[in-house]
Amino acid sequence: MEFISRLVQYIIENYSELLSLSIEHLLMVAYGIGLALIVGVPLGIIAAKFEKLAPVIISLTNILQLIPSLAMLAILMLYLGFGFETIVVGLFLYSLLPIVKNTYVGIKEVDDSIIEAGVGNGMTTLQLLLKIQFPLSIPFLLAGVRLAAVIAISVATLGPYVGAGGLGKEIISGISLQSDVKIYAGTIIATLMAIIADILLGKIEGKTKRRLA
């Protein structure tokens, strides 16, 4: 109970700083996932439309996911230097696989009878993609974004190692000062952030599925 009391007191006393770090953490994640959507969705579509390219695209994004987080950031730091941009690029690369793969699966899962009906109505390949295949694949894409968000929130705690901020700054500061309160404060907020993101995106995914059903 004494530790919980100290933790609560610390969070209250350092509320503004923790809030600032949380906002910075969310911004890093948002930028990383935003870039992954811009690049990943077209890659997923290309993989779905050109089957010969699918194994190459999926394998490359899978390799990126397999590289240890700290190693990835260290490599990026050699080329991009210290700072916010390095962690954002790292989060972008880590978010690619779930977005590319789920976009690919979502488009491939569209029922052939629906596509045939569109072709029968005189739709072109582009119209089929934009009006039928991509809209019906959105629940799959949202599932990918949901997974990417949870991964990105976790990986973003390594940001201070490459000169970025976020909640990792609080955790690493706690390690340096051997302060259990600082470590738990940063960890708990980051964990809650991941849980809330998972729940919210899960609800959006569920609503989208019901709307398309």
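Tutor: Before we start, one definition: a residue is buried if its relative accessible area is under 20%, exposed if over 50%, and partly exposed in between. Also keep in mind that this is a predicted model.

Student: Okay, is phenylalanine 84 buried, exposed or partly exposed?
Tutor: Its relative accessible area is 27%. Buried needs a value under 20% and exposed one over 50%. That leaves phenylalanine 84 as partly exposed.

Student: How many aromatic pairs are there in the whole structure?
Tutor: Ring pairs count if their centres lie within 6.5 Å. Searching the whole structure with that rule, the number of aromatic pairs is two.

Student: What kind of pair do phenylalanine 3 and tyrosine 184 make?
Tutor: Their ring centres sit 5.0 Å apart, and the planes meet at 70°. Planes over 60 degrees apart get a particular label, so phenylalanine 3 and tyrosine 184 are edge-to-face.

Student: How many residues apart in sequence are the parts tied together by phenylalanine 3 and tyrosine 184?
Tutor: Phenylalanine 3 belongs to helix α1 (residues 2-13), while tyrosine 184 belongs to helix α9 (residues 180-212). So the pair ties together parts of the chain whose separation in sequence is 181 residues.

Student: And what is the relative accessible area of tyrosine 184?
Tutor: Its partner phenylalanine 3 is partly exposed at 26%. Tyrosine 184 is partly exposed too, and its value is 44%.

Student: What's the angle between the planes of tyrosine 31 and phenylalanine 84?
Tutor: These two rings are 5.8 Å apart, centre to centre. The pair is edge-to-face, with the planes at 85°.

Student: Which helices hold tyrosine 31 and phenylalanine 84?
Tutor: The pair ties together parts that are 53 residues apart in sequence. Tyrosine 31, by the way, is partly exposed at 47%. Tyrosine 31 comes from residues 15-49 and phenylalanine 84 from residues 84-108, so the helices are α2 and α5.

Student: Are α7 and α9 roughly parallel or roughly antiparallel?
Tutor: The axes of helix α7 (residues 125-155) and α9 come within 9 Å and cross at roughly 175°. Angles over 145 degrees have their own label, so α7 and α9 are roughly antiparallel.

Student: How many nonpolar residues are in the contact of α7 with α9?
Tutor: On the α7 side you'll find residues including Leu136, Ile138 and Val145, and they meet a set in α9 that includes Met193, Ala197 and Leu201. By class, the contact has two polar residues and four charged ones, and the nonpolar count is 17.

Student: Is alanine 197 buried or exposed?
Tutor: Alanine 197 lies in helix α9. Its relative accessibility is 17%. The cut-off is under 20%, so alanine 197 counts as buried.

Student: How far is alanine 117 from leucine 18 in space?
Tutor: Alanine 117 is in helix α6 (residues 112-120), and it is partly exposed at 42%. Along the chain, alanine 117 and leucine 18 are 99 residues apart. From C-alpha to C-alpha, the distance is 54 Å.

Student: What share of residues 183-201 is helix?
Tutor: The unreviewed UniProt entry annotates that span as one of its transmembrane regions. Its end C-alpha atoms lie 27 Å apart. Strand makes up 0% of the span, and helix makes up 100%.

Student: And how much of residues 140-163 is helix?
Tutor: The unreviewed UniProt entry lists this span under "transmembrane region" as well. The end C-alpha atoms are 34 Å apart and strand is 0%, while helix is 67%.

Notes: Residues numbered from 1 in each chain as written. Predicted model: local features only at pLDDT ≥ 70, side-chain atom pairs only at ≥ 80, totals over all residues. Heavy atoms only, no water. Phe/Tyr/Trp six-rings, centres within 6.5 Å; stacked < 30°, edge-to-face > 60°. Helix = DSSP H or I, 4+ residues; strand = E, 2+ residues; numbered from the N terminus. Buried < 20%, exposed > 50% of the residue type's maximum accessible area, 1.4 Å probe, protein only. UniProt positions renumbered as here; feature names shortened; annotations may be inferred. Axes fitted to C-alpha atoms, helices over the stretch in contact; angles between N-to-C directions. Parallel < 35°, antiparallel > 145°, perpendicular 65-115°, else oblique. Contact = heavy atoms within 4.5 Å. Nonpolar A, V, L, I, M, F, W, Y, C, P; charged D, E, K, R; others polar.
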